[in-house]
Amino acid sequence: MSKLLEQINREHRQEIKLGDIASRIGDGLHGTPHYNDLGSFPFINGNNLNNGYISIKPETRMVDEVEYIKHKKELEVGTLLLSINGTIGNLAKYRGERCVLGKSACYINVKKEFVSDYIYYVLLDYRFQKHIESNANGSTIKNVSLAQLRDYTFNIPNWEVQKRIAEILSAYDEKIENNNKIIKNLETVAQTIFKEWFVNFRFPGYEKIKMVESEMGKIPEGWGVTNLDTICNISIGRTPPRQEQKWFSRNPKDKKWISIKDLGVGGIFISKTDEYLTREAVDRFNIPLIPKNTLVVSFKLTMGKVAITTEEMLSNEAIAHLVIRENMSMFTEYLYLIMKIYNYDSLGSTSSIATAVNSKTIKNIKISCPEKEILGEFKKKIKPFFKMMNAIQDENADLKKLRDQLLAKLI
């Protein structure tokens, strides 16, 4: 690999602007389309662009064919999509999805004489990401203009070298994507077992158990129903004053600080955050520490994103921390499976601006409590799935680190 790097880096490179490699750089619809919940075409914004793919989320709004035809852009397979408003720097490759882009999703049609996958890695490179971060406008909602994108200057080798570099880096991403599919399959199996045991009540020996009425409907005799805060100590995160940047950090030596965005891209186990808080901020604003192996749940703006912490962390005020009380037979993975499929719409809204519930509402969520023996059997069955998913996520983190190290040397 070192010889290959030397050979590639000896190749002549020319300085070029991003605008010169693109046949068109544009953004999506400035305004709101007519949504139709029965429509088949997703309305895509910057937060739908994740790890190279367009991600359709439960909260993604849909439009019908009339709106799609009216607002669709000239996208080609291989067009690069970049988030430029609010969340900036997220990337995806267009793969022929029939969708409508919002204004926070920029599209870049790469000219045929350049390798689109190579340009994708130019945009993924930390130098480009730093460029748009430092040049973005707006204090609270960041925005990158199309002019700023077109003016970004970088060095580019000939077509053959572009292709070779893209192939090397793509091999890492393909392995990561295959791992993600394995994780998804494992989680699907875990959820299927959970639903069979605790939703359909077909756990081992269920034939001998009588069903009785409860405030949650019929449950097996011997089971109970309780509030979430009976099972867990529940705390809420905090945000220091945003106008005082001294409390916020990108230094890994500081404390990881979870946002809803981090929950959206972190996977089942959250080990990486975009921002950190200084030790002084933690002490000054009495920000609650989240223990390792705690379930965290978003309950404002975007409700119901869940993850399990891999170390001691912090969060903002849109995220609740569910720490199982001592001497309880419940365990974190069980709570994860419950909260992953919970109907958060049933909690209502306390905000006229955005969907939100308060901490009291979270604490009063009703959950069923199976008998200790059933939970113990389920724990033995389900723990290996989560252990394997955690190991694969760790492998992906290592692969991303290696890819980014190579990327910095090759681009």
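This passage describes aromatic pairs, helix packing, strand pairing and the surroundings of one buried residue in a predicted model. Residues are numbered from 1 along each chain as its sequence is written, and side-chain values use heavy atoms, with hydrogens and water left out. Because the model is predicted, local features need pLDDT of at least 70 and side-chain atom pairs count only at pLDDT 80 or more, while totals for chains, interfaces and linings use all residues.

A pair of aromatic rings is described by the distance of the centres and the angle of the planes. Rings of Phe, Tyr and Trp (its six-membered ring) pair if their centres lie within 6.5 Å; planes under 30 degrees apart count as stacked, over 60 as edge-to-face and the rest as tilted. A search of the whole structure finds 23 such pairs. One of them joins Phe-194 and Phe-198, a tilted pair with 5.5 Å from centre to centre and 45° between the planes. These two residues are four apart in helix H7 (residues 159–198), and are therefore separated by about one helical turn; helices (H or I, at least four residues) and strands (E, at least two) are DSSP runs, numbered from the N terminus. Both Phe-194 and Phe-198 are buried, where buried means under 20% relative accessible area, exposed over 50% and partly exposed in between (1.4 Å probe, protein chains only).

The rings of Phe-331 and Phe-378 also form a tilted pair, since their centres are 6.2 Å apart and their planes lie at 40°. This pair links distant parts of the chain, 47 residues apart: Phe-331 is in the loop between strand S23 (319–324) and helix H11 (332–341), and Phe-378 is in helix H13 (residues 372–410). Phe-331 is buried at a relative accessible area of 4%, and Phe-378 is buried at 0%. Ring pairs join Phe-194, Trp-197, Phe-198, Phe-201, Phe-203, Trp-223, Phe-331, Tyr-334 and Phe-378 into a cluster.

Phe-378 and Tyr-334 also take part in the packing of H11 against H13. The two helices pack at an angle of about 85°, with their axes 9 Å apart; axes are lines fitted to C-alpha atoms, for helices over the stretch in contact, and angles run from 0 to 180 degrees between N-to-C directions. H11 is thus roughly perpendicular to H13, given that angles under 35 degrees count as roughly parallel, over 145 as roughly antiparallel, 65 to 115 as roughly perpendicular and the rest as oblique. The contact (heavy atoms within 4.5 Å) involves Glu-333, Tyr-334, Tyr-336 and Leu-337 of H11, together with Leu-375, Phe-378, Ile-382, Lys-383 and Phe-386 of H13.

Strand S23 is mostly covered, with five of its six residues buried. S23 pairs in the antiparallel sense with strand S15 (residues 232–236) over five bridges and with strand S20 (residues 295–298) over four bridges; two strands pair if DSSP finds at least two bridges between them. The bridge partner of Ser-235 in S23 is His-321, and Ser-298 stands opposite Ile-319.

Leu-80 lies in strand S7 (residues 80–85) and is buried, with a relative accessible area of 0%. Beyond residues up to four places away in sequence, Leu-80 touches Ala-92, Lys-93, Cys-106, Tyr-107, Ile-108, Val-110, Ser-116, Ile-119, Tyr-120 and Leu-123.
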